[in-house]
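Hi,

Here is the structure I said I would pass on. Have a look at it first, and my notes follow underneath.

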Amino acid sequence: MQEFHGYQTTRVNNLVTHSKTFREQVLNDDLIHALGEYFFRKESGDWWLMATQLIQIGPGNVAQKLHRDLENFPAFIKMGKSGPCVAANCMIALTDFTEENGATRVIPGSHEWDNFEMSEEERFRHEDTIPALMKAGDMLIWDGKLVHSGGENKTESEYRRGIALPLTPAYFTPEETYAFSIDLEIVRTLPARVQKMIGFRSVFPSSGSGLWQHNFEKLEDYLGLN
């Protein structure tokens, strides 16, 4: 896991708790919610945060292992390009992302490959990637089927810093246990749509009668959030 995350990389999870600006402004931004609706509403219904993470790639860090965010959900690897979107990611640049300082690497078109089950030896090659060059404030958006990684930081003193904000349908288990790690008093200060993003309201897939409920009642009613 440390090798995957990077030995010269600093990662801060649970930004919802740590950053008032993040939870009140970034998570409540109309663009973030428009992306969730675009990727998931028609096929899956409600959606929520898979995780939030500030990622700072330091000097000398090697390129991350190439991967798909889809790999969190093994059954959907078998479905390949024809399967539904079960992960979508955003990377918000807090510093400029350059080829030298470790810009996110992507393999264009890899979300449409016919075979998602290639062996470790044949699956991905860094020479097939291109860097996603960004200015601070830009945002990179990709489908979880796309092959990508953090890049190599070849500089001696420059840090590449960004915020990863992956989303997933609300019928999947996210990476972070927000419902157990965020103080309820913080949750009460947030808009309803942000509360749902972090697991404090019931969710409704495109079929069925709803999930994440308490005694068949909406979770928000049980928690007194209405």
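**The second largest pocket**

A set of 16 residues lines the second largest pocket, and Trp 48, Pro 174, Glu 176, Thr 177 and Trp 212 are the ones that lie nearest its centre. Before you go further, keep in mind that this is a predicted model. The space in the second largest pocket comes to about 210 Å³. As for what the wall is made of, the lining of this pocket splits into 12 nonpolar residues, 3 polar ones and 1 charged one. Two elements, strand S2 (47–49) and helix H6 (178–181), each put at least two residues into that lining. H6 has the largest share of it, with 3 residues.

**The nonpolar core**

Next, the inside. The largest nonpolar core has 31 residues, and those touching the most other members are Val 16, Leu 27, Leu 49, Leu 165, Ile 182, Met 197 and Ile 198. Several elements supply at least two residues each to this core: helix H2 (15–18), helix H4 (30–44), S2, strand S4 (88–93), helix H7 (184–187) and helix H8 (192–197). Which of them gives the most? That is H4, with 4 residues. Note that S2 turns up twice in this email, since it supplies at least two residues to the core and at least two to the lining of the second largest pocket.

**Rings**

I also went through the aromatic side chains. The count is 7 aromatic pairs. One of them is Trp 113 with Phe 124, with ring centres 6.2 Å apart and planes at 35° to each other, which makes the pair tilted. Both partners sit in the loop between strand S5 (105–106) and strand S6 (130–131), 11 residues apart, and the pair links distant parts of the chain.

Are those two rings buried or exposed? Trp 113 counts as partly exposed, at a relative accessible area of 25%. Phe 124 has a relative accessible area of 14%, so it is buried, the cut-off being under 20%.

Trp 113 has another long-range contact to look at: Gly 80 is 33 residues away from Trp 113 in sequence, yet their C-alpha atoms are 7.8 Å apart in space.

Elsewhere, ring pairs join Phe 73, Phe 76, Tyr 171 and Phe 172 into a cluster. There is a charge over a ring as well: the charged end of Arg 68 sits over the ring of Phe 116, at 3.8 Å from the ring centre.

**Two backbone oddities**

Two residues that are not glycine have a positive phi. For Asn 14, phi is near 50°. Asn 14 is in the loop between strand S1 (9–13) and H2. With a relative accessible area of 12%, Asn 14 is buried.

The other one is Phe 216, where phi is about 65°. Phe 216 is in the loop between strand S11 (213–214) and strand S12 (217–218). Its relative accessibility is 82%, so Phe 216 counts as exposed, which takes over 50%.

**Loop residues and their distant partners**

Finally, a few loop positions to click through, each with a residue from another part of the sequence.

- Glu 127 is in the loop between S5 and S6. It is exposed, with 60% relative accessible area. Glu 127 and Ile 107 are 20 residues apart in sequence, and 9.2 Å separates their C-alpha atoms.
- Asp 29 is in the loop between helix H3 (20–26) and H4. At a relative accessible area of 37%, Asp 29 is partly exposed. Along the chain Asp 29 and Val 194 are 165 residues apart, but their C-alpha atoms are separated by 9.6 Å.
- Gly 6 is in the loop between helix H1 (2–5) and S1. Gly 6 is buried, with a relative accessible area of 6%. From Gly 6 to Gly 58 there are 52 residues in sequence, and 9.0 Å from C-alpha to C-alpha.

If you open one spot to begin with, try the loop between S5 and S6, where you will find Trp 113 and Phe 124 as well as Glu 127.

Cheers

Key:
Residues numbered from 1 in each chain as written. Predicted model: local features only at pLDDT ≥ 70, side-chain atom pairs only at ≥ 80, totals over all residues. Heavy atoms only, no water. Phe/Tyr/Trp six-rings, centres within 6.5 Å; stacked < 30°, edge-to-face > 60°. Buried < 20%, exposed > 50% of the residue type's maximum accessible area, 1.4 Å probe, protein only. Lys NZ or Arg CZ within 6 Å of the ring centre and 35° of its normal. 1 Å grid on protein atoms, 1.4 Å probe; cavity = no way out; pocket = protein on both sides within 12 Å on 5 of 7 lines; lining within 4 Å. Points joined across faces, edges and corners; volume = space filled by probe spheres on them. Nonpolar A, V, L, I, M, F, W, Y, C, P; charged D, E, K, R; others polar. Core = buried A, V, L, I, M, F, W, Y, C linked by side-chain atoms within 4.5 Å.
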